[in-house]
Amino acid sequence: MRLDKYMSAAGVLSRKECAAAVKRGRILIGGLPAAKADIQVQPGQVITLDGIPVVYREFTYIMMHKPQGVVSATDDPGERTVLDLLPEQLRRLNLFPCGRLDKNTTGFVLLTSDGVLSHRVLAPKRHAEKVYRFKVKFPLSDQDIETLENGVVLSADSYAEEWKTAPCRVYPDADGLGGEIVLTEGKYHQIKRMMEAVHNQITALARVSFCGIPLDPALKPGEWRYLTDEEEAVLKKCAE
């Protein structure tokens, strides 16, 4: 791979910026200044920019704690998106959210450049689990929980379609005004519509786990980090 392509793929420099950095001696390969921007390099070589190692990743996997009011999209002319929360160099990597959260839903959003994995993880036959913390306006009864867990028919009304939800698991808090719900699907406004089907209303919703990977409690809303090697392995297992 050419050096300028390597730097671009790593989300560090554009090809034009790489050429300028080489001229200034800012890029070292194995401790020696790079001779040209089009020199061939290998991912295993030690390449630094201004003394900082540059790590090449074939695909990028990022855990983000999405804050309220931000949309899960790559671009929106009227709204702030999850990509707007990333530094400029990462926005060059063609990242996109793997699945979406509603604008006012917070929590775990996976950002990746791996389209194949994203498609597999979101495929209904994979039954990939998503866990959400929720709060509702009225206490959930035992009957409400049984109805939700067995699947409810959601009417189309102002939404796009009508369907019956797949079985899920609900773990209510002691007061019935909140809890966790585990889904294996992710339809439009699904949890909101499920609660409406049992004559209730969501007042707060946050995804706390995706594909068996819990949201890092150290991440504040708007913060992000790369998945660890162990988390990547769990994610790829989920996509098998």
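Colleague: Why does H199 count as exposed?

Modeller: The relative accessibility of H199 is 71%. Exposed means over 50%, buried under 20%, and partly exposed in between (1.4 Å probe, protein chains only), so H199 counts as exposed. This is a predicted model, in which local features need pLDDT of at least 70, side-chain atom pairs count only at pLDDT 80 or more, and totals for chains, interfaces and linings use all residues. Residues are numbered from 1 along each chain as its sequence is written, and side-chain values use heavy atoms, with hydrogens and water left out.

Colleague: Where does H199 lie, and what is its phi?

Modeller: H199 is in the loop between helix 5 and strand 13. Its phi is positive, about 60 degrees, although H199 is not a glycine. Helices (H or I, at least four residues) and strands (E, at least two) are DSSP runs numbered from the N terminus.

Colleague: What makes D50 partly exposed?

Modeller: A relative accessible area of 48% puts D50 in the range between buried and exposed. D50 sits in the loop between strand 3 and strand 4. Its phi is also positive, near 55 degrees, in a residue other than glycine.

Colleague: How do you know that strand 3 and strand 4 pair?

Modeller: Two strands pair if DSSP finds at least two bridges between them. Strand 3 (residues 47–49) and strand 4 have two bridges, in the antiparallel sense, so the definition is met. T48 has P53 of strand 4 as its bridge partner. The two strands belong to an open sheet of four strands, with the order 2-1-3-4 and antiparallel pairing.

Colleague: Which are the edge strands of that sheet?

Modeller: Strand 2 (32–33) and strand 4 (52–53), each of which pairs on one side only.

Colleague: Why is L3 called buried?

Modeller: Its relative accessibility is 0%, and under 20% is enough, so L3 counts as buried. L3 is in helix 1 (residues 3–9). Beyond its neighbours within four places in sequence, L3 is in contact (heavy atoms within 4.5 Å) with several residues, among them C18, V22, I27, A37 and I47. A37 is 34 residues away from L3 in sequence, yet the two C-alpha atoms are 5.5 Å apart.

Colleague: Why is strand 12 described as largely enclosed by the rest of the structure?

Modeller: Strand 12 covers residues 178–183, and five of these six residues are buried, so the description follows. Strand 8 and strand 12 run antiparallel and are joined by six bridges, with F134 opposite G179. Strand 11 (residues 169–172) also runs antiparallel to strand 12, over four bridges; V170 stands opposite I181, and Y171 has E180 as its bridge partner. Strand 11 and strand 12 form a hairpin with five residues between them, and G176 in the turn has a positive phi of about 75 degrees.

Colleague: What makes the polar contact of D216 with A218 count?

Modeller: A polar contact is a pair of N or O atoms within 3.5 Å; within protein, one must be able to donate a hydrogen and the other to accept it, and residues adjacent in sequence count only if both atoms are side-chain atoms. A polar side-chain atom of D216 lies 2.9 Å from the backbone nitrogen of A218, so the distance is inside the limit. D216 is in the loop between strand 14 (213–214) and strand 15 (224–226). Leaving aside neighbours within four places in sequence, D216 is in contact with M63 and R225.

Colleague: Which residues lie nearest the centre of the largest pocket?

Modeller: They are R100, E185, G186, K187 and Y188, from a lining of 31 residues. Helix 3 (115–122), strand 8 (130–136), helix 5 (190–197) and strand 13 (202–210) each supply at least two residues of this lining. The lining divides into 15 nonpolar, eight polar and eight charged residues.

Colleague: How is the chain built as a whole, and how many of its residues are buried?

Modeller: The chain has six helices and 15 strands, and its C-alpha trace spans about 70 × 35 × 35 Å along the principal axes. Of its 240 residues, 44% count as buried. Among contacts between residues at least 6 apart in sequence, 64% join residues at least 24 apart.

Key. On a 1 Å grid over the protein atoms alone, a cavity is a set of points where a 1.4 Å probe fits but cannot get out, and a pocket is an open set with protein on both sides within 12 Å along at least five of seven lines; lining residues have an atom within 4 Å of a point. Ala, Val, Leu, Ile, Met, Phe, Trp, Tyr, Cys and Pro count as nonpolar, Asp, Glu, Lys and Arg as charged, and the others, Gly among them, as polar.
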